[in-house]
Amino acid sequence: MAAPCLSLLALSLSSVALAQSVQHNAAQRPAAGVSRIISPSFAGLGLEPSNLFSFTGEEQENELTKNLLQNLVDYTGVPPHIRLGGNTQDYFKWDENMNDWAWRNNPNAVGQGAFPSDHMIIGPRYFEALDRFPEGTPLTFGLNLAYEEEDYIDQIVTMATQALDRLENLNVVSFEIGNEPDLYLQNGFRTGSWGGDVYTQQWLDRAQAVYDQVLKPRQLGTNFFEPGATASTIGTSFQIDNLVSFDIDRNANGTDTPLIAQWNQHDYYHYIGVSTYTLTQDRFMDLSTTRNQFLAWEEEIQQADETPFAYALREMGIVGPIGLADITDVFGAALWNLNFFLYTAALNITMVGMHMTDNSNASAWQPIEFYGNAPHVRPNYYSFAAFDQIIGPTCQARVGGGVLDQPGDYQGRLAIYDVYQNDELASVVLINSRPANVSEANKGSMTFDLSFDSSLGGQEVHLAFLTNDGADAKNGTTWNGISYEESGDGTPQTVDDTEHTMTIENDGSLSVAVRDTEAVVVNFGGAVGRRAYNAEACGDLSTSRPEALNPGTKTGQGAAASASESSAASSNNNSAKENGVLRVSTMVLATFASALFSGFCILFA
């Protein structure tokens, strides 16, 4: 059974707001409410299948994507988990003879649906492109459930076979059968009495066939599939407890093990045209609104905790379907994303996949030219780098904390997370999301008065900053003194090699000022990103947690850029310088051309 999930609303942070300071007692060892060990591939990516070639390249590999993914491997020792899935997984059909570096429209499509469930043809080049991701990338591969012509079993078995046989560089760890099936009536994929009970039978039918014809001959286990739990929370029979009541977790035929690997669910913070409020920078950077929106999913996590299966948020987005200019493509989004990774890790979610399309202003990078802009790195990519360097390659990281509740200008703007390595306090992450734009010459700050065990008095700590000139900045972000933009190709370049350190007072106190619209990591034992790979811990994690793969033998020490690359000067010891969720299929029709079939959730807050 998964570890119990505690709502962060009820989690005591031992923190109290006082005027322009906030006090926090950082426990030396993890207390109740701290997460279990975080998988090093936790901060993952979701990739819309129709957009694959934009990210990987066609005949020529996309160097920006290659380098940005490699950075993350260097920090955790393992690639981020990638989910290849979205609306378009339910449109794909295999054609052995289609050798284009693209998908093609099927001139003979017969499948049902507002967009026929077999209208996109892919061939061998598709898997050649997909296999360019870093070696050992854990992959959840989306299969087509929407298609239900007479040959539906042959089609799904064929696609599963291609994925396992053609992907030599990647590690296919699970299949997702169907994208958001609770929307199939609206999408025209099903008619009549479609609900969680009928879905369960069709899901089991296909999963059993793939096991019998694809997995079993390859001596792979039954538990290779992720059922898609509800993408809405209003009037649905697809919630996890519903699916369990319909016996979706029964054992595979002829075995004593189920077909489920873990639960798979999707969510978006906001959806343009459907959410009932206008999203502003001020509201977006109020981190309590994220917590409030996610309460419905916390209930789903609690339902998952009552089963033997873990819970993954395989598709997540800030704003759907394709982001929102000046909200998701600016520095404020980097702080939002870092908070979301830490918040969801504390809830014992096993992976968060931030969904990406090539035309989305919310994607961590723009892989090809779009909107008149050349390929480039967006600020929220830095949140991936920050999170991965914070947890490191140790396979021992745990996190606890959340957003602080306090009155005044900083209501919902402050978050504190304690990070533990081998059950010892290793880092404290301080986030100040109070909006301060580039144009504001005199930005405010909040002082975090930290209290550590007195035995740490006199110890030096290192500080790392996730920063920019303001919340509305579209470029110029740095994390830990590193830029991923300066090089032009996504490789890291040190732009500030200043060593920021502080010394804890003899009584265990430390005061750290964090500028509005900035995050600071207080790190014990040296600079952030220098922890070593722990082979024994990673082996144990791989054995005890099937969803947390062994990161291999890379050190992941994060020596991403040399001092010789620095464009900034020298080292010194400076001081710290609403809740319902609904999905509406008509939005798929309205945004098909612009969103390129991006999967999405419709949220009312």
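This is a short selection-by-selection tour of one predicted model.

**The whole chain**

Start with everything shown as cartoon. You should have 605 residues on screen, and 62% of them count as buried. The secondary structure comes to 14 helices and 25 strands. Switch on a surface if you like: the chain exposes about 20800 Å², with carbon and sulfur atoms supplying 46% of that area.

**Stop 1: α4 and α6**

Select residues 152-166, which form helix α4, and residues 196-215, which form helix α6. Their axes come within 9 Å and cross at roughly 50 degrees. An angle between 35 and 65 degrees falls in the oblique class, so α4 and α6 are called oblique to each other. The crossing of α4 over α6 is right-handed. Now show side chains. From α4, pick Tyr 152, Ile 153, Ile 156, Val 157, Ala 160, Thr 161 and Leu 164. Their partners in α6 are Asp 205, Arg 206, Ala 209, Val 210, Gln 213, Val 214 and Leu 215. Colour this contact by class and you get 10 nonpolar, two polar and two charged residues.

**Stop 2: α12 and its contact with α11**

Next, select residues 381-391 for helix α12 and residues 331-346 for helix α11. Here the axes are 8 Å apart and the packing angle is about 40 degrees. That makes this pair oblique too, and α11 passes α12 in a right-handed crossing. On the α11 side, the residues to light up are Ala 334, Asn 337, Leu 338, Phe 341, Leu 342 and Ala 345. They meet Ser 383, Phe 384, Ala 386, Phe 387 and Ile 390 in α12. By class, the α11 and α12 contact holds nine nonpolar residues, two polar ones and no charged ones.

**Stop 3: α12 again, now with α2**

Keep α12 selected and add residues 63-76, helix α2. The axes of α2 and α12 come within 8 Å and cross at roughly 20 degrees. Angles under 35 degrees count as roughly parallel, and α2 and α12 are therefore roughly parallel to each other. Handedness is right-handed once more for α2 passing α12. In α2, show Leu 68, Asn 71, Leu 72, Tyr 75 and Thr 76. In α12, show Tyr 381, Phe 384, Ala 385, Asp 388, Gln 389 and Ile 391. This contact has seven nonpolar, three polar and one charged residues. Centre on Phe 384 for a moment: this residue appears in the contact with α11 and also in the contact with α2.

**Stop 4: Leu 287**

Select Leu 287, which lies in helix α9 (residues 287-293). Is this residue buried or exposed? With a relative accessible area of 1%, Leu 287 is buried, because the cut-off for buried is under 20%. Looking past sequence neighbours up to four places away, Leu 287 touches Trp 336, Asn 339, Val 403, Gly 412, Ala 415, Ile 431 and Ser 433. Draw a distance to Trp 336: the two C-alpha atoms are separated by 7.1 Å, although these positions lie 49 residues apart along the chain count.

**Stop 5: Ser 445**

Hop to Ser 445, in strand β18 (residues 445-451). This serine is partly exposed at 32% relative accessible area. Which residues beyond four places in sequence does Ser 445 contact? They are Gln 20, Tyr 410, Asn 432, Val 514, Arg 515 and Asp 516. Draw another distance, this time to Ser 21: Ser 445 and Ser 21 are 424 residues apart along the chain, and their C-alpha atoms are separated by 8.9 Å.

**Stop 6: backbone oddities**

Most residues other than glycine have a negative phi, and most peptide bonds are trans. The last three selections go the other way.

- Asp 247 has a positive phi, near 75 degrees. Find this residue in the loop between α7 (240-245) and β10 (263-271); at 36% relative accessibility, Asp 247 is partly exposed.
- Asp 423 also has a positive phi, about 60 degrees. The loop to look in runs between β16 (414-421) and β17 (424-432), and Asp 423 counts as partly exposed at 31% relative accessibility.
- Gly 320 and Pro 321 are joined by a cis peptide bond, with omega about 0 degrees. Pro 321 sits in the loop between β11 (311-320) and α11.

Notes
Residues are numbered from 1 along each chain as its sequence is written. This is a predicted model: local features need pLDDT of at least 70, side-chain atom pairs count only at pLDDT 80 or more; totals for chains, interfaces and linings use all residues. Side-chain values use heavy atoms; hydrogens and water are left out. Axes are lines fitted to C-alpha atoms, for helices over the stretch in contact, and angles run from 0 to 180 degrees between N-to-C directions. Helices (H or I, at least four residues) and strands (E, at least two) are DSSP runs, numbered from the N terminus. Angles under 35 degrees count as roughly parallel, over 145 as roughly antiparallel, 65 to 115 as roughly perpendicular and the rest as oblique. A crossing is left-handed if the near helix is turned anticlockwise from the far one by less than a right angle, and right-handed if clockwise. Contact means heavy atoms within 4.5 Å. Ala, Val, Leu, Ile, Met, Phe, Trp, Tyr, Cys and Pro count as nonpolar, Asp, Glu, Lys and Arg as charged, and the others, Gly among them, as polar. Buried means under 20% relative accessible area, exposed over 50%, partly exposed in between (1.4 Å probe, protein chains only). Accessible areas come from the Shrake-Rupley method with a 1.4 Å probe; for residues, only the protein chains shown count as cover.
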